[in-house]
Amino acid sequence: MPIVIAPKNSILRIVRIATDEQTKKHLEDLGITVNGEITVLSASGGTVVCKVKDGRIALDRSISTKIFVA
Amino acid sequence: MKRFALAGNPNCGKTTLFNSLTGSTAHVGNWPGVTVDKRDGVYKKTPEPVAIVDLPGIYSLSPYTPEEVIARNYILDEKPDCVINIVDATNLERNLYLTTQILEIDVPMVIALNMMDEVEKAGDKIDAELLSSRLGVPVVKISALKENGLKDLMETAYAASLKERVGTTVLEESSLAHLIGDVRIALKGQGVKGPLFHAIKLVENDSIEVEMHKETIPMIDEFKATHEDDVFGDDFEALVADARYKYISEYFAPALSKKKQEKFSMSRSDKADKVLTHKVWGIPIFLVILFAIFHLTFSEDFLYLGAIFKLPTLEDLGLLTEDADPLHYGVRLLACIYDGAVFSPGVIINNIWNNMLVGELFGRLGGLVEGSSMAPWAVGLINNGIFDGISSVLSFLPPILVLFLFFSILEDSGYMARIAFILDRMFRRFGLSGRAFMPMIMGFGCSVPAMINTRTLADDKERTATVRVIPFFSCGAKLPILTAVAGAIVAYFGVGNADVITFLMYLLGIVTAVVTVLLMRNTTLKGETPPFIMELPAYHAPQFKNLMAHLWDKTKHFVKKAFTIILASTIVIWFLTHFSFNWHFLEDEAINESILAGVSQLVQPIFTPLGFGSQLGQFGWVFVVAAVAGLIAKENVIATFATLASCLVAMANLNIGGLDIAAEEGIDAVQAMILATGISVPALIAFIAFNMTTIPCFAAVGTAKAELGDKKRFNGTLIFWITSSYAVAAMIYTIGSWWWTAFIWAAVAAAATALVVLKNKRAAKTVKAV
């Protein structure tokens, strides 16, 4: 499921990132990689704040609907 | 001289370290992307002085935004003698991702584990020796903020710079090692320098590298075809990223031992974010904070205490003489703080500065000049030209600094990044991402750094649109125009409330920006809005040292400007108003025969629809002159007011009552001009609006030209500024004077919108048909 509807405050594993190449590359640089861990802290109206490694990253709807976790 | 480059993730403390090492006061802020250009300084405590280069923050060596390209190219092409890789120890794994890439370059390198104070405060420990032995490069623990470990770091870096280092990679143990090895040998055969780094970037499909090594690509693709992976398929960049992170968490992460063992915990920042970035309350909270800032800076009725408790004025208390002058010195001091209402802190500082210091100083100096035996024209030049101009500009230092202080606090605390986030959804509707908010809010300080900061925007068209609207976010230099004219409106017409008018004018600038962006993104600058991805830094208390450094920088900049460009322009304006076309010296009374009057009267009719043109009669041209002088520097507008008002008073034989032209923020000067020209309130507001939205000062125009690059785009920008300011001012004047014209403007706006929408629909249809 996409992280926008994923349960909050629990550690999830990313299985697929369905954005364009350039954005995907940037997400990887930020620690959002397939097989990596991610925790959703808050989600409202499509925008998501998540914890990746020890950083907090804000993503808008166009991205949060394209990151899939198991 | 040896050169050391500071490289690291955005907001990991590079610039703080740079400032500590070199004694500079470069701008630091708690959000990613403050530094957008490289910057030099010198560190002197090593055996020989070392040049320190501060680079923009990067997440990896494959750049995403324009400013990241600067950092990448510097490390690769300019070959620094040592790269000091700053690692935010509070986010170790993510920061080491970049480290693994720099390791691959053949350059001496030292790791600075920054923010160790935070790590220790949380009770965590990092084993620097373990990390160092596993990375193969020296690791030094520092705190750039507390200036701990800096000497050790620089000595280590100096020692490292004396030896050569050959790139190493953490990918050696991964399944990709074979593939990378093959590409590396191929590149080495072609004589490529630093083959390891380029080989890995080519495997990653890095766009810059692919462009550089076009002819090698078919061969690499052949190599790649032999490589198989179940999870990633042929997605090599994801494969490489995954391998890096895996290696980091296996070998490097164990160096960190956390006090708390549970894997997930909410930090205090997270809790604050629950409120401050709330779906519903986020934006209202932001607006309240914004209003509070304006209230603290400009309000003459702090917390509305005066209005609520109906406090007595100084006159009611019998503390004034018959001429409404304070009885004695103590009352003068009191009048800076209280008069029927408690003033806000910003106003108090302003009053003390202006009434007690600047006013006093220039009053004395003026008396001295007048009492001397100088020729009348010289006295006029010095007193009315130079002193009035400079003092009116200097009198604005307090509000600018106070407003700037509040913005610095917001920035330093980390709240700015949240504002960008909560505004993103709104911005998206206008065709911008929330990221564009950062340069815009910087525009409230000064357009020049704001325009440079647009480099953090990944999309070119979004960047152009943002550069164009930045001047609408009224900068510090435009504030004097606002307060002087707003103050005069309140004092002369007795309507409104100075802080509310000021706040509304700022809002008008923002609305204009939004509308024009919307228009541009639907017509000339169409394009997809890039996605919003931003790191939210942890909140921290603003650093006093930092804030003071910001203020000092701003003060220096402002004073320097007052005594150079503004001084020069006030002198020029004085000459142009006191000499006729045949080079006769004119008394103040004959200002209408001056060169300036002659030229300005020619162009005056153009401004008639804006309310400050022909309808103002013979003295109306003064507003035109002020606006034109503002093209050099916006402070000039008010300096010009001061210079011209004294002439006007002499000429029109005005009975100005207790007004003091040279005094206090030019409010009285504007009142004298209102008296002389009979200008109306809507026209005055239109005048402010025109100045706010028209072509900015020289410096900003130059910056826009440099940042836009493209000549055609720059010319378009100039036309854009002229049209939008003319339209906005005309709209304000006409609607303010004749309310029913609002319908005409609405109809025009509706027609324009319909036209754009229809055209875009048709364009969309043709695309589909093709």
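**Close-up views of a predicted two-chain model**

**View 1. Strands 2 and 3 of chain A form a hairpin.** Strand 2 of chain A and strand 3 of chain A run antiparallel and are joined by 5 bridges. The model is predicted. One bridge pairs A:Ala43 with A:Val48 in strand 3 of chain A. The hairpin has 2 residues between the strands. A:Gly45 takes a positive phi there, near 55 degrees.

**View 2. Strand 3 of chain A also pairs with strand 4 of chain A.** These two strands run antiparallel, and 5 bridges join them. Across the pair, A:Lys51 stands opposite A:Arg56, a residue of strand 4 of chain A. Again the strands form a hairpin, with 2 residues between them. In the turn, A:Lys53 has a positive phi of about 50 degrees.

**View 3. Strand 3 of chain A is mostly covered.** Of its 6 residues, 6 are buried. Which residues lie on each face of strand 3 of chain A? One side holds A:Thr47, A:Val49 and A:Lys51. The other side holds A:Val48, A:Cys50 and A:Val52. Both faces are covered, and these residues are all buried. A:Lys51, with A:Arg56 opposite, is thus among the buried residues.

**View 4. Chain A meets chain B.** The contact draws 31 residues from chain A and 33 residues from chain B. On the chain A side, the elements giving two or more residues are helix 1 (21-29), strand 2 (37-44), strand 3 (47-52), strand 4 (55-59) and helix 2 (61-64). Helix 1 of chain A supplies the largest share of that side, 6 residues. Sorted by class, the chain A side has 10 nonpolar, 14 polar and 7 charged residues.

**View 5. A strand of chain A pairs with a strand of chain B.** The partners are strand 4 of chain A and strand 9 of chain B, residues 533-536. They pair in the antiparallel sense over 4 bridges. A:Leu59 has B:Ile533 as its bridge partner in strand 9 of chain B. Strand 4 of chain A also takes part in the hairpin with strand 3 of chain A.

**View 6. Strand 5 of chain B is largely enclosed.** Why is this strand described that way? 6 of the 6 residues of strand 5 (residues 109-114) of chain B are buried, so the rest of the structure largely encloses the strand. B:Met109, B:Ile111 and B:Leu113 lie on one side. B:Val110, B:Ala112 and B:Asn114 lie on the other. Both faces are covered. Strand 4 (residues 82-88) of chain B pairs with strand 5 of chain B in the parallel sense, over 6 bridges. B:Asp88 stands opposite B:Asn114 of strand 5.

**View 7. Helix 18 of chain B packs with helix 25 of chain B.** Helix 18 covers residues 397-413, and helix 25 covers residues 544-578. Two packed helices are described by the angle between their axes and the distance between the axes. Here the angle is about 145 degrees, and the axes lie 10 Å apart. The crossing is right-handed. Helix 18 of chain B brings residues including B:Leu397, B:Leu401, B:Phe404 and B:Asp412. Helix 25 of chain B brings residues including B:Leu547, B:His550, B:Lys554 and B:Phe558. By class, this contact has 9 nonpolar, 4 polar and 2 charged residues.

**View 8. Chain B is assigned four domains, 1 to 4.** Domain 1 spans 2-161, and domain 2 spans 170-257. Domain 3 is given as 289-300 + 414-739, and domain 4 as 305-342. The C-alpha centres of domain 2 and domain 4 of chain B lie 76 Å apart.

Terms used. Residues numbered from 1 in each chain as written. Chains lettered and ligands numbered in written order. Predicted model: local features only at pLDDT ≥ 70, side-chain atom pairs only at ≥ 80, totals over all residues. Contact = placed C-beta atoms within 7 Å. Nonpolar A, V, L, I, M, F, W, Y, C, P; charged D, E, K, R; others polar. Pairing = 2+ DSSP bridges. Buried ≥ 20, exposed ≤ 12 C-beta atoms within 10 Å, placed from the backbone. Axes fitted to C-alpha atoms, helices over the stretch in contact; angles between N-to-C directions. Left-handed = near helix turned anticlockwise from the far one by under 90°. Domains from an automatic or database assignment.
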